[in-house]
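The exercises below are to be worked with the sequence and the coordinates at hand. Each task is followed by a solution that goes step by step.

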Amino acid sequence: GTRIIYDRKFLMECRNSPVAKTPPSHLPDIPGVTSPSVEELKLENHHVQSCEEKVSTGEEEQFDMDI
């Protein structure tokens, strides 16, 4: 068989391609796999709200950690 061998530089350049940043058009919607799960969306939304509350009250932590 014939092998196609790509060098590292070419593959690193492909990562910046617009095609590499868009999902395939016929990808099924599987929560938690191909789209964020409901729990992840709730956690992300809660994190955004808690960050907004910290900024509005003036108490901002030095490091922001997700647990």
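**Exercise 1.** Taking into account that this is a predicted model, describe the secondary structure and the burial of the protein chain.

*Solution.* Begin with the secondary structure: the protein chain has 2 helices and 0 strands. Turn next to burial, where a residue must fall under 20% relative accessible area to be called buried; buried residues make up 3% of the 67 residues in the protein chain. Finally, consider the surface, of which the protein chain exposes about 6,900 Å², with carbon and sulfur atoms supplying 57% of that area.

**Exercise 2.** Find the aromatic pair in the structure and classify its geometry as stacked, tilted or edge-to-face.

*Solution.* The structure holds 1 aromatic pair. Because the ring centres of Tyr6 and Phe10 are 5.4 Å apart and their planes lie at 15 degrees, the pair is stacked.

**Exercise 3.** Place Phe10 in its helix, assign an exposure class to Tyr6 and to Phe10, and name the nonpolar surface patch that contains them.

*Solution.* Phe10 belongs to helix H1, which spans residues 8–14. Tyr6 has 47% relative accessibility and therefore counts as partly exposed, and Phe10, at 37%, likewise counts as partly exposed. Together with Ile4 and Leu11, Tyr6 and Phe10 form a nonpolar patch on the surface, whose accessible area is about 430 Å².

Definitions and conventions:
Residues are numbered from 1 along each chain as its sequence is written. This is a predicted model: local features need pLDDT of at least 70, side-chain atom pairs count only at pLDDT 80 or more; totals for chains, interfaces and linings use all residues. Side-chain values use heavy atoms; hydrogens and water are left out. Rings of Phe, Tyr and Trp (its six-membered ring) pair if their centres lie within 6.5 Å; planes under 30 degrees apart count as stacked, over 60 as edge-to-face and the rest as tilted. Buried means under 20% relative accessible area, exposed over 50%, partly exposed in between (1.4 Å probe, protein chains only). Patches are made of residues with over 30% relative accessible area and no salt bridge: like charges are joined within 9 Å, nonpolar side chains (Val, Leu, Ile, Met, Phe, Trp, Tyr) within 5 Å. Accessible areas come from the Shrake-Rupley method with a 1.4 Å probe; for residues, only the protein chains shown count as cover. A salt bridge is a side-chain nitrogen of Lys or Arg within 4 Å of a carboxyl oxygen of Asp or Glu. Helices (H or I, at least four residues) and strands (E, at least two) are DSSP runs, numbered from the N terminus.
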